[in-house]
Amino acid sequence: MKKATRQSYGETLVKFKENKELVVLDADLSAATKTDSFAKEAPEKFFNIGIAEADMIGTAAGLALGGKRPFASSFAIFEAGRAYEQIRNAVAYQKLNVTISATHAGITVGEDGGSHQAIEDIALMRVIPGMTIINPVDDLETEAAIETILRHEGPVYLRLGRLAVERVHEKKQPFKIGKGETLVDGDDGTILATGLMVQEALIAAQQLKQLGISVRVLNFSTIKPLDEELVIQAAEETPWIITAEEHSVIGGLGSAVSEFLSEQRPTKVVKIGIQDQFGQSGHPDLLKEHYGLTAKDIVDKAKQLNQ
């Protein structure tokens, strides 16, 4: 079954429409962020701020100060970029319970082109003190993550995709912030992935197994705080780690893993992601091939490392 995480986001908000603290904001993109269904079901709890992301985040901060739990929705490029100052100063500085729900992240935005493809948003959010970053792998994990966020204290950056993706999980599981997940066991190396790159990592693991290479696949849906225990375990039990993300190799998951291991347990880390480039217009599958974000690219790296 394929479903976009942004679709699950909209559907899950509707499920929690009776939550007295929940309110939803949008920057005039509700048909794309999928908050339009919530707007129809609970119009008194939905606020279309218009094409004014900074104002939206400021309004969300005010609602949070009044005891609400706002989910502020827009494209990742606009929220992480245009509203950065408000996220930093109005939300994170005050440690407010605001969720920045950023859809259309990464190059799989596709034909909208490089101007709309956020490939640096995780890096921007990582440097904000106290910011939690969640990048769900599929629709079921998105739903579970939102349930957890509704009980979480502090700001959250929830990264969501435009592209429909295959389910990794057969059923919904409890989501624990700051905990990674072992999907495949292996001793010859580790693939540590986030978002839709987890699906590519699983395909790569199957192909590598046929070549006699046993790799571990870890799903890191929480990028901050990093599951340091699971990273250390992978570094101690396997000789190398490949990180895979639909984001720049600068400042994202690969950087977080490398920074941590360089101080705690130096390990060979190879980062698969966008190599200091902007995106461009194109079909998502072709863009993944062009930027080296496919199972084949993971397999090629793993074969090199296993020589």
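Visitor: Into how many nonpolar, polar and charged residues does the lining of the second largest cavity divide?
Guide: Bear in mind that this is a predicted model, where local features need pLDDT of at least 70, side-chain atom pairs count only at pLDDT 80 or more, and totals for chains, interfaces and linings use all residues. Residues are numbered from 1 along each chain as its sequence is written, and side-chain values use heavy atoms, leaving out hydrogens and water. Sort the lining by class (Ala, Val, Leu, Ile, Met, Phe, Trp, Tyr, Cys and Pro are nonpolar, Asp, Glu, Lys and Arg charged, the others, including Gly, polar). You end up with six nonpolar, four polar and one charged.

Visitor: Which strand gives the largest share of that second largest cavity's lining?
Guide: Arg-69, Pro-70 and Phe-71 are in the lining, along with Asn-97, Val-98, Thr-99, Ile-149, Leu-150, His-152, Gly-154 and Val-156. The strand to look for (strands are DSSP E runs of at least two residues, helices H or I runs of at least four) runs over residues 69-75 and supplies three lining residues. That's strand β4.

Visitor: How many cavities of 30 Å³ or more are there?
Guide: A cavity here is a set of points on a 1 Å grid where a 1.4 Å probe fits but cannot get out, and its lining residues have an atom within 4 Å of a point. The largest cavity holds about 150 Å³ of space, and the second largest has a volume of about 50 Å³, volume being the space filled by probe spheres set on the points. With the 30 Å³ cut-off, the count is two.

Visitor: Which residues lie nearest the centre of the largest cavity?
Guide: Its lining is a mixed bunch: seven nonpolar, six polar and three charged. That adds up to a lining of 16 residues, and the ones nearest the centre are Thr-5, Asn-135, Gly-161, Leu-196 and Glu-246.

Visitor: Is helix α1 largely enclosed or largely open?
Guide: Start with the buried residues (under 20% relative accessible area; over 50% is exposed, in between is partly exposed, 1.4 Å probe, protein chains only). In α1 they are Thr-5, Arg-6, Ser-8, Tyr-9, Gly-10, Thr-12, Leu-13 and Val-14. Because eight of the eleven residues of α1 are buried, the rest of the structure leaves this helix largely enclosed.

Visitor: How far apart in space are Glu-11 and Phe-38?
Guide: Glu-11 is found in helix α1, residues 5-15, and is partly exposed at 32% relative accessible area. Phe-38 is 27 residues away in sequence. From C-alpha to C-alpha, though, the gap between Glu-11 and Phe-38 is 7.8 Å.

Visitor: Which residues have the most contacts inside the largest nonpolar core?
Guide: A nonpolar core joins buried Ala, Val, Leu, Ile, Met, Phe, Trp, Tyr and Cys through side-chain atoms within 4.5 Å, and the largest one has 45 residues. Elements that each supply at least two of them include α4 (53-65), α6 (84-92), β5 (99-103) and α11 (253-264). Another core, of 30 residues, lies apart from it, with Val-137, Ala-193, Leu-196 and Ile-213 among its members. In the largest core, the best-connected residues are Met-131, Tyr-157 and Leu-261.

Visitor: Which residues is Tyr-157 in contact with, leaving aside neighbours within four places in sequence?
Guide: Contact means heavy atoms within 4.5 Å. Tyr-157 belongs to the largest nonpolar core. Its partners are Ala-76, Ala-80, Ile-100, Ala-102, Asp-121, Met-125, Met-131, Thr-132, Ile-133 and Ile-134.

Note on methods. On a 1 Å grid over the protein atoms alone, a cavity is a set of points where a 1.4 Å probe fits but cannot get out, and a pocket is an open set with protein on both sides within 12 Å along at least five of seven lines; lining residues have an atom within 4 Å of a point.
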